[in-house]
Amino acid sequence: MLCALGAAVCFGTASVLQAVAARAAEPGTGSGVDPALLLRALRQWRYLAGLALDGMGFVLQIVALRSLPIYAVGAALAASLAVTAVVASRLLGVRLSGREWGAVALVCAGLAMLGLASGAEGAGTGSDALRYAMLGTAVAVLGLGAVAGRLPDRVRAAALGLGAGVGFGVVEVAVRLIDDVAPVALLTNPATYALLIGGGAAFLLLTSAFQRGSVTTATAGMVIGETIGPALVGILWLGDRTRPGLAWLAALGFVVAIAGALALTRFGEPPAPRPVEDPTG
């Protein structure tokens with residue numbers, strides 16, 4: 001759980017840096033899958049710093065997924081929005097009202113419930129059918145991004161955020177489906193390619209959502225996409241369970257943590273750039 005929370009700190013801080021960098025980049029083609037936009041964003045130190053934090057968070061996430069059920073890790077990662085709120089209040093001058101601080105406390109309370117109720121990760125390693133299903137889902141995320149790029153801005157941001165969340169969710173599940181890290185086993189495991197394609201697609205979609213649409217809406221979609229689906233996969237197909245008699249506490253903690261996180265999604269929104277004054281008057 002400490003690793004999962006550490007990943008949330010990394011991801012939450014990275015989202016503030018990347019959102020600001022994506023907004024500052026030159027407009028792209030408008031497509032939801034725009035590698036050129038990602039390359040332009042990568043020229044900015046804020047995006048690179050955010051990417052480094054994402055890398056650290058990913059390592060911590062892998063360690064957490066090797067010890068905890070997916071539903072517990074997913075809820076902890078959703079708490080990155082609470083981190084985003086606190087970081088935004090410090091770095092961007094965003095003031096948190098008592099209501100927002102209450103939402104942060106709600107996230108912490110939900111995670112505490114999950115920590116008490118979570119059992120060990122399930123013993124299931126998944127079937128080949130599930131591995132190929134994750135690979136197919138990862139490819140479908142790219143297709144969703146291409147379609148979402150043609151939608152009106154507000155709907156576009158929600159669709160791209162949801163698609164990015166599904167991509168990150170594929171990464172969560174794929175980590176559990178890789179049970180042998182020998183080179184030959186990795187190259188022949190569909191989950192390896194699902195992880196790479198799902199993670200790459202998620203970054204492409206999220207960068208596009210940050211650049212043109214509402215970051216708030218995109219972040220909310222991402223939280224939903226990366227928590228609910230993977231949690232169900234873990235319970236139904238990978239054997240994730242709670243401690244005996246505490247299933248109700250885990251369910252309550254999951255709902256409370258996600259509700260608190262969604263209440264904080266507006267803090268994914270970077271401040272609007274100040275207009276440049278004309279020196280000639």
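Start by selecting A129: this residue sits in helix α7, which covers residues 128-148 (helices are DSSP runs of H or I with at least four residues, strands are runs of E with at least two, and both are numbered from the N terminus). Before going on, note that you are looking at a predicted model, where local features need pLDDT of at least 70, side-chain atom pairs count only at pLDDT 80 or more, and totals for chains, interfaces and linings use all residues. Residues are numbered from 1 along each chain as its sequence is written, and side-chain values use heavy atoms, with hydrogens and water left out.

**Along α7**

Is A129 buried or exposed? A129 counts as exposed, at 56% relative accessibility (buried is under 20% relative accessible area, exposed is over 50%, and partly exposed is in between, with a 1.4 Å probe and protein chains only). Now add P190 to the selection: its C-alpha lies 9.7 Å from that of A129, although 61 residues separate the two in sequence.

Stay in helix α7 and click on A146. A146 is partly exposed, at 36% relative accessible area. Measure across to L160 and you should get 9.3 Å between C-alpha atoms, for a pair 14 residues apart in sequence.

**Zoom out**

Colour by secondary structure next. The protein chain has 12 helices and zero strands, so the run of elements from the N terminus is α all the way. Of its 281 residues, 52% count as buried. Take the contacts (heavy atoms within 4.5 Å) with a separation of 6 or more: 86% of them join residues 24 or more positions apart. Switch on a surface and the chain exposes about 12700 Å², with 69% supplied by carbon and sulfur atoms (Shrake-Rupley areas with a 1.4 Å probe; for residues, only the protein chains shown count as cover).

**Into α4 and over to α3**

Select residues 70-78, helix α4. Nine of its nine residues are buried, so α4 is largely enclosed by the rest of the structure. Among them are I70, Y71, V73 and L77.

Then pick A64, in helix α3. A64 is buried, with a relative accessible area of 3%. Which residues does A64 touch, leaving out those up to four places away in sequence? They are C3, A4 and V73. For a distance check, the C-alpha atoms of A64 and A76 are 10.0 Å apart, with their positions 12 residues apart along the chain.

**A stop at the cysteines**

C3 is partly exposed, at 26% relative accessible area. C108 is partly exposed too, at 47%. Searching the whole structure for disulfides (pairs of cysteine sulfur atoms within 2.5 Å) turns up zero.

**Last stop: the largest pocket**

Select F11, D54, Q61, F168 and F203, which lie nearest the centre of the largest pocket among its 26 lining residues. A pocket here is an open set of points on a 1 Å grid over the protein atoms alone, where a 1.4 Å probe fits, with protein on both sides within 12 Å along at least five of seven lines; lining residues have an atom within 4 Å of a point. The space inside comes to about 500 Å³, counted as what is filled by probe spheres set on the points, which are joined across faces, edges and corners.

Which helix gives the most to the lining? That is α10, with seven residues. Helices supplying at least two lining residues each include α1 (2-24), α3 (45-65) and α8 (153-177). By type, the lining divides into 13 nonpolar, 11 polar and two charged residues (Ala, Val, Leu, Ile, Met, Phe, Trp, Tyr, Cys and Pro are nonpolar, Asp, Glu, Lys and Arg are charged, and the others, Gly among them, are polar).
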